[in-house]
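Please work through the exercises below with the sequence and the coordinates open side by side.

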Amino acid sequence: MNKVVYITFLFFSLLLLQVLLLNNILFLGYINPYLYVAFVIFYPLKKERYLFLFLSFLLGLSIDFFSDSGGINAFSLLFIAYIRLFFIRVILKKTEQDYLLFDLYQEPFGKVFNYVIILIVIHHFILFSLANFSTQNFSGVLINTLYSSIFTSVLFFLGTYIIRKKK
C-alpha cells in the first residue's frame, strides 16, 4: 500500500475509532482505552520527523477538539512521538541506516512488547497527570495510568493480531 494512503487511512481510522467508540467506553468508572497511540507506533520511520510530529499533534488536537479536553491529548501524543526514536534505538537496537527497511512485524515479540508498553505508559501518565494537574491525587493518576495502559495494550495487541492474521 502506498505510504501516503496508509498514513491517511491510519490517521482517520484511529481518529474516528477513538472519538466515536472508545471515548464512550468508561470501564469501572475510570478505565478508558486510548488506542490512537497506535498512530505513533505504526508510523513509518524516516529521517524527516517534522511531518510526523505535525500529524501526531494534529491527531491529538483533533481528539481534544471532539473530547473537549483542552490539549492534553495533543501534548501527550506529541511527546511520545518526539521520544519514539530514542526507544527504537535503545529497545529495538535500530540505527539511522535501518529506518528505510524497518518493519515492526519483523522484530521479536519481546522487544516490540517492551517498546509498545513503554510508549503507552508514558502517554497515559502524561495524559492523566495533565488531566488532574495536581499532586494531591497522585495515586489516582497512577491507578488510572496502570489500568488504562493495560486495557489499551490488550486492545492494541488483539487488534494487531487480528489485522495481521487477515494479511
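Two exercises with worked solutions follow.

The model is predicted, so local features need pLDDT of at least 70 and side-chain atom pairs count only at pLDDT 80 or more, whereas totals for chains, interfaces and linings use all residues. Residues are numbered from 1 along each chain as its sequence is written, and side-chain values use heavy atoms, with hydrogens and water left out.

**Exercise 1.** Describe the fold and the overall dimensions of the protein.

Step 1. Taking helices (H or I, at least four residues) and strands (E, at least two) as DSSP runs, one finds six helices and zero strands.

Step 2. The C-alpha atoms fill a box of roughly 45 × 30 × 30 Å along the principal axes.

Step 3. The radius of gyration, taken over C-alpha atoms and set against a globule rule of 2.2 Å times the number of residues to the power 0.38, is 16 Å, which agrees with the value near 15 Å for a compact globule of 167 residues.

Step 4. Of the 167 residues, 43% count as buried, a term that means under 20% relative accessible area with a 1.4 Å probe, protein chains only.

**Exercise 2.** Which residue forms a salt bridge with E107, and where do the partners lie?

Step 1. A salt bridge requires a side-chain nitrogen of Lys or Arg within 4 Å of a carboxyl oxygen of Asp or Glu, and by this rule the count comes to one.

Step 2. The partner of E107 is K94, with the closest N and O atoms 3.0 Å apart.

Step 3. Both residues lie in the loop between α4 (72-90) and α5 (109-132), 13 residues apart.

Step 4. E107 and K94 are both buried.

Definitions and conventions:
Buried < 20%, exposed > 50% of the residue type's maximum accessible area, 1.4 Å probe, protein only.
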